[in-house]
Amino acid sequence: MKLRVLPIVSALACAVVCTCTQAEIYHGRVDRVIDGDTIKVITNDAVIQVRIRGIDAPESDQPFGGEARSALNKLISGQNVILNTDGKDSHGRVLASVAVGGNDVGLYMIERGYAWYYQDYGFQIPADWQQAYRTAESTARLNGDGLWQASGTVPPWSWRKQRREANQIAEEEYRETLEGVTEELETNFNLLSERWNSWRNRFLSGTDEGDDPEQHTADQSLPESERLSWWEIFIKLGEGASRWVKAFITSFF
């Protein structure tokens, strides 16, 4: 039997009795749907970006990402919603369960095959709702609803990992091109020039010898572990020059 959407009263009751976190309830209107699990909401105080907790919808550039966004847009765009939140995620978005017109939005998206239950972050919702989300996903898979119509669907978290790895490979490849090596050389040369100018200005102004001139250069905003010594800058310039020659020769073949 297909799982039915639970009423909003039950959703809020679960939030109230959940003692693991101190939840806050907000009321607002949906201003924009960004993707299948992220929305912008206008409250009395501000416009906030909300990440619907407990679910993970396909990315915008992923198969079925557009369908997931359209489904969410049809459900809640311009609608008044209730947010149950206990904080923000690592991107600064309000992490919340969302209810609209008697529906728990996360459950709605999973039940119709527009999102996965986000098991790695399932602790963000009450235990009984975790089970409801799991059951909804299993039912959607069995019925072939939404994204489960196609075989070999890739979870969004795997899709993002693959994209990060692909971007990292592309960055590493670019770093060894003539253009990439040239940019790196320019950066290190500018750092050396700024370091030298800072040291010279401090020397001419009669700064105490005990002061470390390296702490007053352009790289002082970096964490101490990432600041380079004079010697390290020279080594990087030498290595860069060698790689530049190699890249220059390679560019002709």
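Modeller: Two strands are said to pair if DSSP finds at least two bridges between them, and helices (H or I, at least four residues) and strands (E, at least two) are themselves DSSP runs, numbered from the N terminus. Before we apply this, please note that residues are numbered from 1 along each chain as its sequence is written, and that side-chain values use heavy atoms, with hydrogens and water left out. This is a predicted model, in which local features need pLDDT of at least 70 and side-chain atom pairs count only at pLDDT 80 or more, while totals for chains, interfaces and linings use all residues.

Colleague: What makes strand 6 and strand 7 a pair, and in which sense do they run?

Modeller: Two bridges join strand 6 to strand 7 (residues 103–104) in the antiparallel sense, so the requirement for pairing is met. Ala99 stands opposite Asp104 in strand 7, and in the hairpin between the strands, which has two residues, Gly101 takes a positive phi near 50°.

Colleague: Which sense applies to strand 5 and strand 6, and to strand 3 and strand 6?

Modeller: Strand 5 (residues 80–88) runs antiparallel to strand 6, with five bridges between them, whereas strand 3 (residues 47–52) pairs with strand 6 in the parallel sense over three bridges. Val94 serves as the bridge partner of Lys88 and also stands opposite Val50. The hairpin of strand 5 and strand 6 has five residues between the strands, and within this hairpin Gly92 takes a positive phi near 85°.

Colleague: Why is strand 6 called largely enclosed by the rest of the structure?

Modeller: Buried means under 20% relative accessible area, exposed over 50%, and partly exposed in between (1.4 Å probe, protein chains only). Seven of the seven residues of strand 6 (residues 94–100) are buried, and therefore the strand is described as largely enclosed. In a regular strand the side chains alternate between the two faces of the sheet. Here Val94, Ala96, Val98 and Val100 point one way and Leu95, Ser97 and Ala99 the other way, all of them buried.

Colleague: How do you know that the pair of Trp116 and Trp148 is edge-to-face?

Modeller: Rings of Phe, Tyr and Trp (its six-membered ring) pair if their centres lie within 6.5 Å, and planes under 30 degrees apart count as stacked, over 60 as edge-to-face and the rest as tilted. The structure holds eight aromatic pairs. For Trp116 and Trp148 the centres are 5.3 Å apart and the planes make 70°, so this pair qualifies as edge-to-face. The pair links distant parts of the chain, 32 residues apart, with Trp116 in strand 8 (residues 116–117) and Trp148 in the loop between helix 4 (127–143) and helix 5 (156–175). Both Trp116 and Trp148 are buried.

Colleague: What makes the pair of Tyr121 and Phe123 tilted, and how exposed is Tyr121?

Modeller: The ring centres of Tyr121 and Phe123 are 6.2 Å apart and the planes stand at 45°, so the pair is tilted. Tyr121, at 37% relative accessibility, counts as partly exposed, whereas Phe123, at 58%, is exposed. Ring pairs link both of these residues with Trp116, Tyr118, Trp148 and Trp157 into a cluster.

Colleague: Why is Gln130 called buried, and which residues does Gln130 touch?

Modeller: Gln130, found in helix 4, has a relative accessible area of 16% and is therefore buried. Contact means heavy atoms within 4.5 Å. Not counting residues up to four places away in sequence, Gln130 touches Tyr117, Gly122, Phe123 and Ile125.

Colleague: How do you know that the span of helix 2 agrees with what its residues should give?

Modeller: The expected span of a helix is 1.5 Å times one less than its number of residues. The twelve residues of helix 2 (residues 65–76) should therefore span 16 Å, and the end C-alpha atoms are 17 Å apart, which agrees.

Colleague: What puts the buried residues of helix 2 on the same side?

Modeller: The buried residues are Gly65, Ala68, Ala71, Leu72, Leu75 and Ile76. They cover an arc of only 130° around the axis, which puts them on the same side of helix 2, the arc being that of the directions from the helix axis to the C-beta atoms. These residues pack against strand 1 (24–35), strand 2 (38–42), strand 3, strand 6, strand 7 and helix 3 (105–111).
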